[in-house]
Amino acid sequence: MSAPLCLIDCNNFYVSCERVFRPDLNGVPVLVASNNDGCAVARSAEAKALGIKMGEPIHLIKDKIKAHSIRVLSSNYTLYADVQRRIIAALEPFAKDIEVYSIDENFLDLAGFEHLDLVAHAQAMRERVLQWTAIPTCVGIGTSKTLAKLANAAAKKNPLFDGVADLRDEQTRNWVLDRFSVEDVWGVGRATAAKVNALRIATAGHLRDMPMKQARSVGGVVLERIVAELRGIPSSAVEVMEPPRKGMAVTRSFGKPVTDFETLMGAIAQYASRAGEKLRNHGLVAGRLTVFFHTNRFKDNAAQYGASRMLTLHPMTNDTLELLQAARKGAERGWKEGFAYTKAGIMVEDLIAADARPRTLFEAGDDRRDRLMGALDAINGKFGKMTALTATQGFKREWRTKADLKSPAYTTRISDVPVVRC
């Protein structure tokens, strides 16, 4: 018998984080918008009940927002990341290992806890997270990640489970699998779902009973693993170590269109600086850098243009100034006058550990630049992002992402900490 594991998922995470410090948002429809306040990326249960879809453009539902007094907030990723850190701290005593799957989902290895009533264990886990962070959660228990995912979905949808569904019991497992469509199984894409539907496989239960050879012929090794996981055979354990990164991207839409090169370069410089910081934080260097920018592809009757230029970094580097130099070369090669650009970004690829990078014959042994980058990161880490920056980035930054409805940094900025008077 495989060791049990569980998936704990935060309910409507972004909205729940906002409600922790805004009790006036409880019980009313709330939307959290994406960068530039463009689309709905999180919805409260009340907003979902009004038929608002994930990713729906805010400007297309303004009438509905007004009619139902829906509260709209800009994304506050600093707050959400800090709440996530507190949630993980609350979970640590309840599991052997924790895999952070996403900002609001964590897989927990429950090996060594089998002697306990795991449903009661999961309820205690939920209570601890609620006590420490005020974030509501649901838990799904199974012997594979796919079963834990389905169990979690069942715990959310069916109040009979009271927030915790345990699919180790065969009768409960069969009952749940027969009520989930194959499209809702983790890892089954739209094209694969259409293929298995054509074979009269409509539910997760049907997919579990699909012959393994047939699964491989229809959907390759991926579908074969999903079938195995639905049978309780795990294809992968909880991953404590983060898998090696193959690339990183820093990209944003602009708050307003950009029409001159130096303004565009200010945004690209900030993204390159952030890419360098991320590389250093992970102990990596990059061998390739791609810079791209484009106009609004969704605006009718507007002149369209986009550019993407890739440059080899030799020697491989994580030095912000070297990344900026490469980014400028790429931007200059792709730039065209007469267009209104609305988005740009930087991608760094061919990543390896900094201490394993190949050395060049004439590479200088001076470590002053390493110490400079370390000082830059230390200043920005202590006093806030972009306290110390390159002149190329500028100070006005009129292209910055729009976030007119952003809540304060309640937990990470001393001036924003709520004050209680009694």
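P315 is found in strand β11, which covers residues 306-317. The peptide bond that joins H314 and P315 is cis, with an omega of about 5°. The model is a predicted one, and the values given here are computed from its coordinates.

Two further backbone features concern the sign of phi. N12 is not a glycine, yet has a positive phi of about 45°. N12 sits in the loop between β1 (5-10) and α1 and is partly exposed, with a relative accessible area of 25%. S69, also not a glycine, has a positive phi of about 50°. The loop that holds S69 runs between α3 (62-67) and β4 (71-74). With a relative accessible area of 54%, S69 is exposed.

Helix α1 follows the loop of N12. The helix is mostly covered, with 7 of its 9 residues buried. The buried residues are F13, Y14, V15, S16, C17, E18 and R19. They pack against strands β1, β2 (30-33), β3 (40-43) and β4, and against helices α2 (45-49) and α4.

One of the buried residues of α1, Y14, also takes part in an aromatic pair. A pair of aromatic rings is described by the distance of the centres and the angle of the planes. The chain has 16 aromatic pairs. Among them is the pair of Y14 and Y77, with ring centres 6.1 Å apart and an angle of 75° between the planes. Planes over 60 degrees apart count as edge-to-face, so the pair of Y14 and Y77 is edge-to-face. Y14 lies in helix α1 (residues 13-21) and Y77 in helix α4 (residues 77-91), so the pair ties together parts that are 63 residues apart in sequence. How buried or exposed are the two partners? Y14 has a relative accessible area of 16% and is buried, while Y77, at 37%, counts as partly exposed.

Aromatic residues also form a cluster elsewhere in the chain. F261, F293, Y305, W335, F339 and Y341 belong to one aromatic cluster.

Helix α4 also contains L91. The relative accessibility of L91 is 0%, so this residue counts as buried. Which residues are in contact with L91, leaving aside its neighbours within four places in sequence? They are I8, I98, N106, L108, M125 and V129. For a sense of distance, L91 and S236 are 145 residues apart in sequence, and their C-alpha atoms are 21 Å apart in space.

E99 and F107 are linked through K145. E99 is placed in strand β5 (residues 97-102) and is buried, at a relative accessible area of 9%. The side chain of E99 makes a polar contact of 2.7 Å with the side chain of K145. The charged end of K145 also sits over the ring of F107, at 5.1 Å from the ring centre. K145 is thus a partner of an acidic side chain in one contact and of an aromatic ring in the other.

A409 belongs to the segment after α13 (368-383). What is its relative accessibility, and is A409 buried or exposed? The value is 7%, so A409 counts as buried. Leaving aside neighbours within four places in sequence, A409 is in contact with N76 and D416. A409 and N174 are 235 residues apart in sequence and 45 Å apart in space, C-alpha to C-alpha.

The last points concern the chain as a whole. Its secondary structure comes to 13 helices and 13 strands. The radius of gyration is 24 Å, close to the 22 Å that the globule rule gives for 422 residues, so the chain is as compact as a globular protein of that length. Taken along the principal axes, the C-alpha atoms fill a box of roughly 65 × 60 × 50 Å. Of the 422 residues, 44% are buried. Among contacts with a separation of 6 or more, 67% are between residues 24 or more positions apart. The exposed area of the chain is about 22,600 Å², and carbon and sulfur atoms supply 53% of that area.

Technical notes: Residues numbered from 1 in each chain as written. Predicted model: local features only at pLDDT ≥ 70, side-chain atom pairs only at ≥ 80, totals over all residues. Heavy atoms only, no water. Phe/Tyr/Trp six-rings, centres within 6.5 Å; stacked < 30°, edge-to-face > 60°. Helix = DSSP H or I, 4+ residues; strand = E, 2+ residues; numbered from the N terminus. Buried < 20%, exposed > 50% of the residue type's maximum accessible area, 1.4 Å probe, protein only. Lys NZ or Arg CZ within 6 Å of the ring centre and 35° of its normal. Rg over C-alpha atoms; globule rule 2.2 N^0.38 Å. Contact = heavy atoms within 4.5 Å. Areas by Shrake-Rupley, 256 points an atom, 1.4 Å probe, with all protein chains shown as cover. Polar contact = N/O pair within 3.5 Å; in protein donor to acceptor, adjacent residues only side chain to side chain.
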